[in-house]
Amino acid sequence: MIHLKNLDKTYKNGDQVLHVLKDIELLIEENEFVAVMGPSGSGKSTLMNMIGCLDQPSSGSYYLSGTDIAGQPQKTLADIRNKNIGFVFQQFHLLPRISALNNVELPLIYAGVKKKERQERAKEALVKVGLEERVSHLPNQLSGGQKQRVAIARALVNRPSLILADEPTGALDSKSGEQIMGLFDTLHEEGATLVVVTHEQEVADYARRIVTFRDGEIIEDRRRDRVVL
């Protein structure tokens, strides 16, 4: 599904060139659950932006489900993001003045789905994350864990082939974090492909594979048996 080949990313800062990703080789198959770990500045968030078609490599190639992403125009990248990738962020990014249902509907609006269908699909997604009784609530009427569930429902509503989560438990207490990771675990068991960026070992322990970054390079890539109870 995801294939990065000799991928580099550099940024210019005046006369300096910052080498953020260095010759990355990474293959993630369909239905894998992968955690990407590393300290701040290691390159893991830049990698997430590459995989999510939010940024382009400076050199090398990136194939998503066989499509060469590098060099694609912005409109094509936007279409790929909307149809194929669900995003979950640390700070939820919910619109504060609209309901949980309306927040979940947003990707379907961008996709041109008609109102009746998008409301039905948004309700289905909220049921899937256990929020069927919160569809009319505004974000400020929800707990942190419930807000993240709304964000996950929004990520799922377009039925993407890939779910990307960037520090999805970072703004949550430990109990809510465990519930969110349990939900990700269920989604994986149901066939979803997940890539989770985290600096927390407790979060990474839910994944079946851990890729560790340091100074823009992969220093470890190991598969593991699940040990979370």
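**Pockets and sheet: a quick chat**

Analyst: This is a predicted model. By class, 9 nonpolar, 3 polar and 6 charged residues make up the lining of the second largest pocket.

User: What volume does that second largest pocket have?

Analyst: About 310 Å³.

User: Which residues are closest to its centre?

Analyst: Of the 18 residues that line the second largest pocket, Lys128, Leu156, Arg159, Pro160 and Leu187 are the closest to its centre.

User: Where does the largest share of that lining come from?

Analyst: From helix 4, with 4 residues. Helix 4 (115-128) and strand 7 each supply at least two.

User: OK, now the largest pocket. What is its volume?

Analyst: The largest pocket has about 370 Å³. Asn82, Phe87, Pro107, Tyr110 and Arg154 are the closest to its centre, out of 14 lining residues. Its lining holds 8 nonpolar, 4 polar and 2 charged residues.

User: Which element gives the largest share there?

Analyst: Strand 6, with 4 residues.

User: Switching to the sheet. What is the strand order?

Analyst: 6-7-8-3-9-10, an open sheet with mixed pairing. Strand 6 (85-89) and strand 10 (217-223) each have a single partner strand, so one side of each has no neighbour in the sheet.

User: In which sense do strand 7 and strand 8 pair?

Analyst: Parallel, over 4 bridges. Leu164 has Val195 in strand 8 as its bridge partner.

User: Which strands does helix 6 touch?

Analyst: Helix 6 (residues 174-189) packs on the sheet and touches strand 3, strand 6, strand 7 and strand 8. Its direction makes about 135° with that of strand 3.

User: And helix 1, at what angle to strand 7?

Analyst: About 155°. Helix 1 (residues 44-51) also lies across strand 3, strand 6, strand 8 and strand 9.

Conventions
Residues are numbered from 1 along each chain as its sequence is written. This is a predicted model: local features need pLDDT of at least 70, side-chain atom pairs count only at pLDDT 80 or more; totals for chains, interfaces and linings use all residues. Side-chain values use heavy atoms; hydrogens and water are left out. Two strands pair if DSSP finds at least two bridges between them. Contact means heavy atoms within 4.5 Å. Axes are lines fitted to C-alpha atoms, for helices over the stretch in contact, and angles run from 0 to 180 degrees between N-to-C directions. On a 1 Å grid over the protein atoms alone, a cavity is a set of points where a 1.4 Å probe fits but cannot get out, and a pocket is an open set with protein on both sides within 12 Å along at least five of seven lines; lining residues have an atom within 4 Å of a point. Grid points are joined across faces, edges and corners, and a volume is the space filled by probe spheres set on the points. Ala, Val, Leu, Ile, Met, Phe, Trp, Tyr, Cys and Pro count as nonpolar, Asp, Glu, Lys and Arg as charged, and the others, Gly among them, as polar.
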